[in-house]
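This report describes selected features of one structure for a reader who has not met it before. The topics are salt bridges, a helix contact, one loop residue and disulfides.

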Amino acid sequence: RCKNLSVSFWNSYWMLPSDVCGMNCFWEAAFRYDYMKTHPSEKMHLAVVACGERLEETVTMLRSAIIFSIKPLQFHIFAEDQLHKRFRDILDDFSYEGKVNYTLYPITFPTESAAEWKKLFKPCASQRLFLPLILKNVDSLLYVDTDILFLRPVDDIWSFLRKFNSSQIAAMAPEHEEPRIGWYNRFARHPFYGVTGINSGVMLMNMTRIRRKYFKNDMTTVRLQWGEILMPLLKKYKLNITWGDQDLLNIMFFHNPESLYVFPCQWNYRPDHCIYGSNCKEAEEEGIFILHGNRGVYHDDKQPTFRAVYEAIKNYSFGGDLVHSLLQPLELELQKTTHTYCGRVYKVFIKQLTKSIKDLYDRRSKGR
């Protein structure tokens with residue numbers, strides 16, 4: 001069957017998997033499958049905050065998480081009250097194969113400063129800062145923005161938790177790989193992490209450690225806990241921050257750099273990684289693992305490569321043939337984008353996706 005596939009990249013990968021990613025990929029997939037069999041009840045917790053017109057985008061993100069993930073998923077969806085019924089109607093109709101649960105929460109901020117937090121950067125965006133305080137019984141959590149798409153199992157980024165050293169409490173990717181186009185190192189009026197800052201659109205958290213930690217800061221010689229440091233930080237820097245809660249996280253980890261695990265750019269791949277020329281080497285080598293369509297690129301014609309991936313996942317029907325219903329039509333659309341910088345490297349958009357589909361079919365055949 002595979003020899004008759006018309007998509008050249010899929011065909012070459014399927015027939016010659018070792019040429020694409022080597023035996024390490026085979027053993028990695030085998031390990032994930034065996035781990036799932038021996039740890040079937042372990043849940044991965046994923047949180048998202050949706051306000052305004054972000055419902056469709058959020059649902060598409062959740063679909064991408066469901067398609068490839070191995071261990072069970074627990075979604076924590078924070079949304080405006082008027083969106084709750086629509087979320088329930090859509091999610092209750094999903095074909096989960098028994099591996100997903102979800103909980104809907106209202107948008108909530110500390111009472112005395114709710115208005116100030118809600119208007120910071122974008123409506124509701126700063127809700128993520130309070131997740132360790134709201135989800136008190138959740139040990140670890142993956143927070144993602146609504147404009148995220150998973151092109152490989154959530155299990156794989158979740159596994160970074162096991163790589164944390166004893167002082168690390170969270171993991172994020174750099175804001176930029178190329179300092180010449182970096183925003184923080186050129187324009188920021190506040191401290192930021194590392195050379196180019198960090199992007200908080202994909203944030204993995206050991207929330208037990210976050211709740212226990214006392215943070216160094218530039219407001220007092222006394223170290224403050226998470227719930228104590230947020231409002232003082234906002235008061236000190238609110239006239240100097242542009243990107244809201246992400247800036248506050250940059251300030252926090254500037255003073256506590258030992259607490260952050262930094263993962264590579266293919267785990268948070270954004271338009272900046274290709275619109276000025278390709279500058280995420282890890283994605284060039286292994287493909288994109290998590291796509292982040294910030295700047296609204298899923299909904300306009302400025303970056304058609306990003307929009308093509310979004311539309312393909314949004315329109316995929318659970319249970320359909322992933323090769324013929326998702327991968328092949330997507331590659332055909334991506335081939336139409338080669339007039340753009342991102343389109344010139346369109347194969348990085350399907351390289352990991354192709355592998356994820358093959359791994360999924362391999363797991364299904366082993367499970368029979």
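A salt bridge is a side-chain nitrogen of Lys or Arg within 4 Å of a carboxyl oxygen of Asp or Glu. The model is predicted, and local features need pLDDT of at least 70, side-chain atom pairs count only at pLDDT 80 or more, while totals for chains, interfaces and linings use all residues. Residues are numbered from 1 along each chain as its sequence is written, and side-chain values use heavy atoms, with hydrogens and water left out.

**Salt bridges**

The structure holds 18 salt bridges. One of them is formed by the side chains of Lys213 and Glu258, at 3.7 Å from N to O. This pair links distant parts of the chain, 45 residues apart. Lys213 is in the loop between helix H9 (207-212) and strand E8 (214-215), and Glu258 is in the loop between helix H11 (245-255) and strand E10 (260-262). Helices (H or I, at least four residues) and strands (E, at least two) are DSSP runs, numbered from the N terminus.

Burial is given by relative accessible area: buried means under 20%, exposed over 50%, and partly exposed in between, with a 1.4 Å probe and protein chains only. Lys213 is buried, at 16%, whereas Glu258 is partly exposed, at 32%.

Arg54 and Glu57 also meet through their side chains in a salt bridge, with 2.7 Å from N to O. Here Arg54 is partly exposed, with a relative accessible area of 27%, and Glu57 is buried, with a value of 4%.

A further salt bridge joins the side chains of Glu311 and Lys314 (3.2 Å, N to O). Both residues belong to helix H13 (residues 304-315); because they are three residues apart there, about one helical turn separates them. Glu311 is partly exposed, with a relative accessible area of 22%, and Lys314 counts as partly exposed at 26%. Glu311 and Lys314 are linked with Glu56 in a network of salt bridges.

**Contact of two helices**

Helix H3 (residues 55-68) and helix H4 (residues 84-91) have axes that come within 11 Å and cross at roughly 35°. Axes are lines fitted to C-alpha atoms, for helices over the stretch in contact, and angles run from 0 to 180 degrees between N-to-C directions. The crossing of H3 and H4 is right-handed. A crossing is right-handed if the near helix is turned clockwise from the far one by less than a right angle, and left-handed if anticlockwise.

Which residues of H3 and H4 make the contact? On H3 they are Leu55, Thr58, Val59 and Leu62, and on H4 they are Arg86, Phe87, Ile90 and Leu91. Contact means heavy atoms within 4.5 Å. By class, six of the residues in this contact are nonpolar, one is polar and one is charged. Ala, Val, Leu, Ile, Met, Phe, Trp, Tyr, Cys and Pro count as nonpolar, Asp, Glu, Lys and Arg as charged, and the others, Gly among them, as polar.

**A loop residue**

Asn294 lies in the loop between strand E11 (290-292) and H13. Is Asn294 buried or exposed? At 19% relative accessibility, Asn294 counts as buried. Leaving aside neighbours within four places in sequence, Asn294 is in contact with Asp147, Arg270 and Pro271.

**Disulfides**

A disulfide is a pair of cysteine sulfur atoms within 2.5 Å. The count by this rule is three disulfides, listed below.

| Disulfide | S to S distance | Angle about the S-S bond |
|---|---|---|
| Cys51 and Cys124 | 2.0 Å | -95°, left-handed |
| Cys265 and Cys280 | 2.1 Å | 95°, right-handed |
| Cys274 and Cys342 | 2.0 Å | 85°, right-handed |

The disulfide of Cys51 and Cys124 links distant parts of the chain, 73 residues apart. Cys51 sits in the loop between strand E1 (44-50) and H3, and Cys124 in the loop between helix H5 (114-118) and helix H6 (131-134). Both Cys51 and Cys124 are buried.

Cys265 and Cys280 both lie in the loop between E10 and helix H12 (281-286), so their disulfide ties together parts that are 15 residues apart in sequence. Cys265 is buried at 0% relative accessibility, and Cys280 is buried at 1%.

The disulfide of Cys274 and Cys342 again links distant parts of the chain, 68 residues apart. Cys274 is in the loop between E10 and H12, and Cys342 is in helix H15 (residues 341-344). Cys274 and Cys342 are both buried.
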